[in-house]
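These are my notebook entries on a few things I looked up in one structure. I went through a single residue, a helix pair and a group of rings, in that order.

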Amino acid sequence: MISMILAACGGSDEGEGSADGGETYNWKFVTEEVDGQVQYEYAEEFAKRMNEKSDGAVNIDVYEFGGLGSETDQVEQLQGGTVEMAVMSPGFTGNMVKEGQVFALHFLFPDSVEKTQEILNDSEALNTDLRELYEEHSITPLSYWSEGAMQWTSSKPISEPADFENFKMRTQTSPLILKSYEAYGAEPTPMSWSELYTALDRGTVEGQENPIFFIGDASFHEVQDYMTISNHNNYVAMTTVNTDWYNGLDDEMKSMVDETVEEMQSWVFDEQKKQNQEYLETIKNDTENPTEIIELTEEQRQMFKDKAEPVREFYREEVSTVDGQILDKLLEEIEAAGE
Ligand code: 6CS
């Protein structure tokens with residue numbers, strides 16, 4: 001309630017006097033994941049670094065997923081300024097920022113997560129052009145980072161597009177994610193991940209996509225029989241801030257935020273890599289809940305790529321509000337980065 005009032009007054013409880021006369025800053029940072037998972041660990045590390053750099057003046061409360069509502073509720077909280085910072089997935093903002101659905105296109109980024117992360121760090125298409133489009137909605141993405149390559153889990157084996165025929169696939173809410181699965185013949189159903197374990201268990205949906213750490217930590221493999229190493233896309237998350245709040249920070253504080261955001265790019269790369277490697281072993285070694293791991297041949301991957309390719313044209317023609325300019329610039333940047 002207090003934060004609602006402060007937000008309504010046009011600012012968070014920042015810049016207040018402390019007992020020793022210095023300014024203090026209290027911010028809220030919400031994530032879409034829970035304790036131990038990559039987004040939450042990111043926010044905790046970010047908060048720790050900011051507190052140390054500011055000699056204790058900046059205190060950031062980190063919120064696990066669930067405490068403040070659904071992923072979509074969290075987007076609204078950031079826009080309204082009731083939280084200052086959020087880790088946000090473009091997969092939940094596609095109805096609002098159409099161009100952000102570029103991340104829904106399969107086989108767009110290189111197979112290497114490291115190379116993909118370099119592109120996310122340096123891309124002008126994303127860090128300037130897409131950022132401006134998000135800012136029209138009071139969301140400033142300060143960085144984009146990979147949580148790892150996504151894989152499919154399923155209740156029946158998936159190794160070629162025909163296996164997706166009439167397959168009930170859980171997705172996030174951005175319409176182009178659904179379109180990408182329709183291109184394989186699947187029947188996508190958007191839902192929050194908070195409902196996903198039960199939905200997989202009951203067969204309401206038959207499969208889902210996520211990085212391996214998330215599949216293992218959320219125990220989706222317990223209620224699925226197969227995991228296809230498809231590497232069909234990267235899970236991209238954004239570190240976002242409320243635009244007015246960020247623009248209102250004094251120069252010193254803004255530089256501290258920017259510097260920490262930049263430092264965190266290599267930290268989170270290492271964190272996701274470690275977690276994805278560890279959870280692959282966990283899933284393989286979970287003999288009580290056996291998961292058959294399917295490796296795709298190059299020919300099988302090519303079959304998926306062929307089905308995914310026309311979705312780019314659909315994005316350009318039907319989704320983009322800027323004639324596909326962000327996608328085209330990003331494609332040039334990907335090309336320039338090489339494989
Ligand atoms: O599948 C999802 O919706 C969730 N997956 C990850 C990796 N992070 C949060 C997100 O909501």
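**Entry 1: Thr-243**

In which helix is the place of Thr-243? I looked this up in what is a predicted model, and I found Thr-243 in helix α9, which covers residues 243-247. I then asked whether Thr-243 counts as buried or exposed. Its relative accessibility is 8%, and because buried means under 20%, I noted Thr-243 as buried. Leaving aside residues up to four places away in sequence, I listed what Thr-243 touches, namely Glu-135, Ser-138, Ile-139 and Thr-140.

**Entry 2: helices α5 and α12**

Next I looked up how the axes of helix α5 (residues 124-135) and helix α12 (residues 325-337) are placed, and I found that they come within 9 Å and cross at roughly 165°. Since angles over 145 degrees count as roughly antiparallel, I recorded α5 as roughly antiparallel to α12. For the handedness of the crossing of α5 and α12, my entry reads left-handed.

Which residues make the contact? On the side of α5 I wrote down Glu-124, Ala-125, Leu-126, Asp-129, Leu-130 and Leu-133, and on the side of α12 Ile-326, Lys-329, Leu-330 and Glu-333. Sorting the residues of this contact between α5 and α12 by character, I obtained six nonpolar and four charged, with no polar residue among them.

**Entry 3: aromatic rings**

How many aromatic pairs does the structure hold? The count I noted is 21, and I followed up a few of the rings. The ring centres of Tyr-181 and Tyr-184 are 5.9 Å apart with the planes at 75°, and because planes over 60 degrees apart count as edge-to-face, I entered this pair as edge-to-face. Tyr-181 has a relative accessible area of 0% and is buried, while Tyr-184, at 3% relative accessibility, also counts as buried.

Tyr-184 has a further aromatic pair, with Phe-304, which is edge-to-face as well, at 5.2 Å centre to centre and 85° between the planes. Where do these two residues lie? I placed Tyr-184 in the loop between α6 (175-182) and β7 (187-190), and Phe-304 in helix α11 (residues 298-319), so this pair ties together parts that are 120 residues apart in sequence. Like Tyr-184, Phe-304 is buried.

Finally, I traced the ring pairs onward and found that they link Trp-152, Phe-164, Phe-167, Tyr-181, Tyr-184 and Phe-304 into a cluster.

Note on methods. Residues are numbered from 1 along each chain as its sequence is written. This is a predicted model: local features need pLDDT of at least 70, side-chain atom pairs count only at pLDDT 80 or more; totals for chains, interfaces and linings use all residues. Side-chain values use heavy atoms; hydrogens and water are left out. Axes are lines fitted to C-alpha atoms, for helices over the stretch in contact, and angles run from 0 to 180 degrees between N-to-C directions. Helices (H or I, at least four residues) and strands (E, at least two) are DSSP runs, numbered from the N terminus. Angles under 35 degrees count as roughly parallel, over 145 as roughly antiparallel, 65 to 115 as roughly perpendicular and the rest as oblique. A crossing is left-handed if the near helix is turned anticlockwise from the far one by less than a right angle, and right-handed if clockwise. Contact means heavy atoms within 4.5 Å. Ala, Val, Leu, Ile, Met, Phe, Trp, Tyr, Cys and Pro count as nonpolar, Asp, Glu, Lys and Arg as charged, and the others, Gly among them, as polar. Rings of Phe, Tyr and Trp (its six-membered ring) pair if their centres lie within 6.5 Å; planes under 30 degrees apart count as stacked, over 60 as edge-to-face and the rest as tilted. Buried means under 20% relative accessible area, exposed over 50%, partly exposed in between (1.4 Å probe, protein chains only).
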